[in-house]
Amino acid sequence: MRVIETSAAVTPKLTGRGAARRSALFEDLVALLVGEGFAQLTLDDLAARLHCSKRTLYGLADSKEQLVRAAVVHFFRRATARVEAVLAAASGPAERLSAYLRAVSAELAPVSPRFFDDVAAFEPAAEVYERNTRAAAGRVQQLIEEGVRAGVFREVHVAFAADVIASVMVRIQRRQVASATGLGDAEAYDQLAELLLGGLRRA
């Protein structure tokens, strides 16, 4: 799970005078969107829920669309840092792969289904999630390669395995797995971890 974006288009205006207040407000905004989604919320709604003026929101970004995209980038950037921290603390190929996928699941578990649905329907946000998903699939490939080299995992065609895994992860991101199975994104990552570890470990 890795996505890093620093362009002005996705970075809220958190520097200068009043930076601490804007930073706290932005964190509250991210929590609101992640918890409830955003398609149904207007700028007036956001201002009312966050107890601020629309002018204050415009101090963070120039439009609702930019606010939403910045919030989505922030959510994944923060989740990425926590997932990588969990991975860094794990040892052994099987443990590292399990830790990584379960950490991804843990980061997604508190997120509302409505947020994921809204992200999938809003192209700028969906693009952020998809890029993050593909980066995560690349990370999983690296972890499988580690396990094969160490003799912990069976000799599999790593590129093929990675392609299959990436396809599943993209289907999760696009809400196709949720539609087909009823599994939430976090639950789907838990199931993916079980399948991968069961299939890769040497008997």
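**A first walk through an all-helix pattern**

Hi everyone, let's start in a loop: H51 sits between helix α2, residues 43-50, and helix α3, residues 54-58. Before I say more about that spot, please keep in mind that what you see is a predicted model.

So what is special about H51? Its phi is positive, about 60°, although H51 is not a glycine. And is H51 buried or exposed? It is exposed, with a relative accessible area of 70%.

H51 also falls within a stretch that has an annotation. UniProt, in an unreviewed entry, places the feature "DNA-binding region" at residues 42-61. That annotation may be inferred rather than shown by experiment. In the model, residues 42-61 are 65% helix and 0% strand, and the C-alpha atoms at the two ends of the stretch are 14 Å apart.

Now a residue to set beside H51. R175 is not a glycine either, and its phi is positive too, near 70°. You will find R175 in the loop between α8, residues 158-173, and α9, residues 176-181. Here the surroundings read another way: R175 counts as buried, at 11% relative accessibility. The cut-off for buried is under 20%.

Let me step back to the whole protein for a moment. How many helices and strands does the protein have? There are ten helices and zero strands. The C-alpha trace spans about 60 × 35 × 25 Å along its principal axes. The protein has 203 residues, and 49% of them count as buried. If you take the contacts between residues at least 6 apart in sequence, 72% of them join residues at least 24 apart. As for the surface, the protein exposes about 9,800 Å², with carbon and sulfur atoms supplying 54% of that area.

Next, the aromatic rings. A search of the whole structure turns up seven aromatic pairs. One of them is F38 with F122: the ring centres are 6.0 Å apart and the planes stand at 70°, so this pair is edge-to-face. The reasoning is simply that planes over 60 degrees apart count as edge-to-face. This pair ties together distant parts of the chain, because its two members are 84 residues apart, with F38 in the loop between α1 (19-36) and α2, and F122 in the loop between α6 (113-121) and α7 (123-149). Both F38 and F122 are buried. They also belong to a bigger picture: ring pairs link F38, F75, F76, F115, F116, F122 and Y129 into a cluster.

Since we have just met α7, let's check its length. What span should its 27 residues give at 1.5 Å a residue? The expected value is 39 Å, and the end C-alpha atoms are indeed 39 Å apart, so the two agree. After α7 comes G151, with a positive phi near 80°.

My last stop is another histidine, H74, which is found in helix α4, residues 64-89. Is H74 buried or exposed? H74 counts as buried, because its relative accessibility is 17%. Which residues does H74 touch, leaving aside its neighbours within four places in sequence? H74 is in contact with F26, E27 and V30.

To close, here are two residues to find when you open the model yourselves: H51, exposed in its loop at 70%, and H74, buried at 17%. Thanks for listening!

Key. Residues are numbered from 1 along each chain as its sequence is written. This is a predicted model: local features need pLDDT of at least 70, side-chain atom pairs count only at pLDDT 80 or more; totals for chains, interfaces and linings use all residues. Side-chain values use heavy atoms; hydrogens and water are left out. Helices (H or I, at least four residues) and strands (E, at least two) are DSSP runs, numbered from the N terminus. Buried means under 20% relative accessible area, exposed over 50%, partly exposed in between (1.4 Å probe, protein chains only). Rings of Phe, Tyr and Trp (its six-membered ring) pair if their centres lie within 6.5 Å; planes under 30 degrees apart count as stacked, over 60 as edge-to-face and the rest as tilted. The expected span of a helix is 1.5 Å times one less than its number of residues. Contact means heavy atoms within 4.5 Å. Accessible areas come from the Shrake-Rupley method with a 1.4 Å probe; for residues, only the protein chains shown count as cover.
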